[in-house]
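Welcome to a short set of exercises on one protein. Keep the sequence and the 3D view open, try each task yourself, and then read the solution.

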Amino acid sequence: MRAVVQRVTEACVRVGDRTIGGIALGLVVLVAIGRDDGPADVRYLVGKIRDARLFPGNEGKPMDRSIVDVAGAVLLVSQFTLYGDLRKGRRPSFDAAAGPEAARALYEDLVRELRAVPLPVATGEFQATMRVELVNDGPVTILIDSKREF
């Protein structure tokens, strides 16, 4: 699994004219499922999202508290294009991305596991064309890969 995690003061996702999900303080997590991903990748990503110290602490440390510590929320948005590969040619290849059926199942597992932390979790709409609006705080943007490729 690959994720782009952004610390935000607010964010929402829209499909057409409908707002599908939104959060105040928290993390926007754009996530892609790889074709070789499974339950261990879900657990890895949940742990990283839950425990990463990305929020300022009381002592002035810029990254000292986790999403749980600040009582924040997660806006989780599926984005298979994180597996886009432009090393050959000008059009991205998505060969490393999981197919829609497998990706949906693991995405739903990820949502369920994050809610069990417990964290408030809002989501986008799987396989929809979405508009994600956010105010990146910091800016703080972190990349996570469950296969530890970066």
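**Exercise 1. Name the residues that Leu-134 touches, leaving out those up to four places away in sequence, and place Leu-134 in the fold.**

Solution. Start with the contacts: Leu-134 touches Gln-6, Val-8, Glu-10, Ala-11 and Val-28. Please keep in mind that this is a predicted model.

Next, find the element. Leu-134 belongs to strand E6, which covers residues 131-145. Of its partners, Gln-6, Val-8, Glu-10 and Ala-11 fall within strand E1 (2-15), while Val-28 falls within strand E3 (26-32).

Then check the exposure. Leu-134 has a relative accessible area of 32% and is therefore partly exposed, since that class lies between the limits of 20% for buried and 50% for exposed.

Finally, look at a residue in another part of the chain. Glu-59 is 75 residues from Leu-134 in sequence, and their C-alpha atoms are 27 Å apart.

**Exercise 2. Write down the order of helices and strands along the sequence, and describe the overall dimensions of the protein.**

Solution. First count the elements: the protein has two helices and six strands. Read along the sequence, they give β-β-β-α-β-α-β-β.

Now turn to the dimensions. The C-alpha trace spans about 50 × 35 × 30 Å along its principal axes. For 150 residues, a compact globule would have a radius of gyration near 15 Å, and the protein agrees with this at 15 Å.

The contacts add to the picture. Among contacts with a separation of 6 or more, 70% are between residues 24 or more positions apart.

**Exercise 3. Work out how helix H1 packs against other elements.**

Solution. Begin with its length. H1 runs over residues 39-51, which makes 13 residues, and reaches 18 Å from its first C-alpha to its last. That is close to the 18 Å expected at 1.5 Å a residue.

Second, list its buried residues: Asp-41, Val-42, Leu-45, Val-46, Gly-47 and Ile-49.

Third, follow those residues to their neighbours. They pack against strands E1, E3, E4 (73-78) and E6, and against helix H2 (100-115).

**Exercise 4. Locate the cis peptide bonds that join Val-117 to Pro-118 and Gly-138 to Pro-139.**

Solution. Take the bond between Val-117 and Pro-118, where omega is about 5 degrees. Pro-118 sits in the loop between H2 and strand E5 (121-123). With a relative accessible area of 64%, Pro-118 is exposed. Its C-alpha is 18 Å from that of Pro-39, a residue 79 positions away along the chain.

Continue with the bond from Gly-138 to Pro-139, where omega is near -5 degrees. Pro-139 has its place in strand E6.

**Exercise 5. What are the phi values of Ala-71 and Arg-148, and where do these residues lie?**

Solution. Ala-71 has a positive phi of about 55 degrees, although it is not a glycine. Ala-71 is part of the loop between H1 and E4 and is exposed, with a relative accessible area of 68%. To place that loop in space, use Val-121: it is 50 residues from Ala-71 in sequence and 12 Å away, C-alpha to C-alpha.

Arg-148, also a residue other than glycine, has a positive phi near 60 degrees. Arg-148 is found in the segment after E6. Its relative accessible area is 57%, so Arg-148 is exposed.

**Exercise 6. Is Asp-109 buried, partly exposed or exposed, and how far is its C-alpha from that of Gly-38?**

Solution. Asp-109 lies in helix H2. Its relative accessibility is 25%, so Asp-109 counts as partly exposed. The C-alpha atoms of Asp-109 and Gly-38 are 9.8 Å apart, with their positions 71 residues apart in sequence.

**Exercise 7. Summarise burial, surface and charge for the whole protein.**

Solution. For burial, 43% of the 150 residues count as buried. For the surface, the protein exposes about 8400 Å², and carbon and sulfur atoms supply 49% of that area. For charge, there are 21 positive and 20 negative charges, and their mean positions are 3 Å apart.

Notes. Residues are numbered from 1 along each chain as its sequence is written. This is a predicted model: local features need pLDDT of at least 70, side-chain atom pairs count only at pLDDT 80 or more; totals for chains, interfaces and linings use all residues. Side-chain values use heavy atoms; hydrogens and water are left out. Helices (H or I, at least four residues) and strands (E, at least two) are DSSP runs, numbered from the N terminus. The radius of gyration is taken over C-alpha atoms; the globule rule is 2.2 Å times the number of residues to the power 0.38. Buried means under 20% relative accessible area, exposed over 50%, partly exposed in between (1.4 Å probe, protein chains only). Contact means heavy atoms within 4.5 Å. Accessible areas come from the Shrake-Rupley method with a 1.4 Å probe; for residues, only the protein chains shown count as cover. Lys and Arg count as positive and Asp and Glu as negative; His and the chain ends are not counted. The place of a charge is taken as NZ of Lys, CZ of Arg, CG of Asp or CD of Glu. The expected span of a helix is 1.5 Å times one less than its number of residues.
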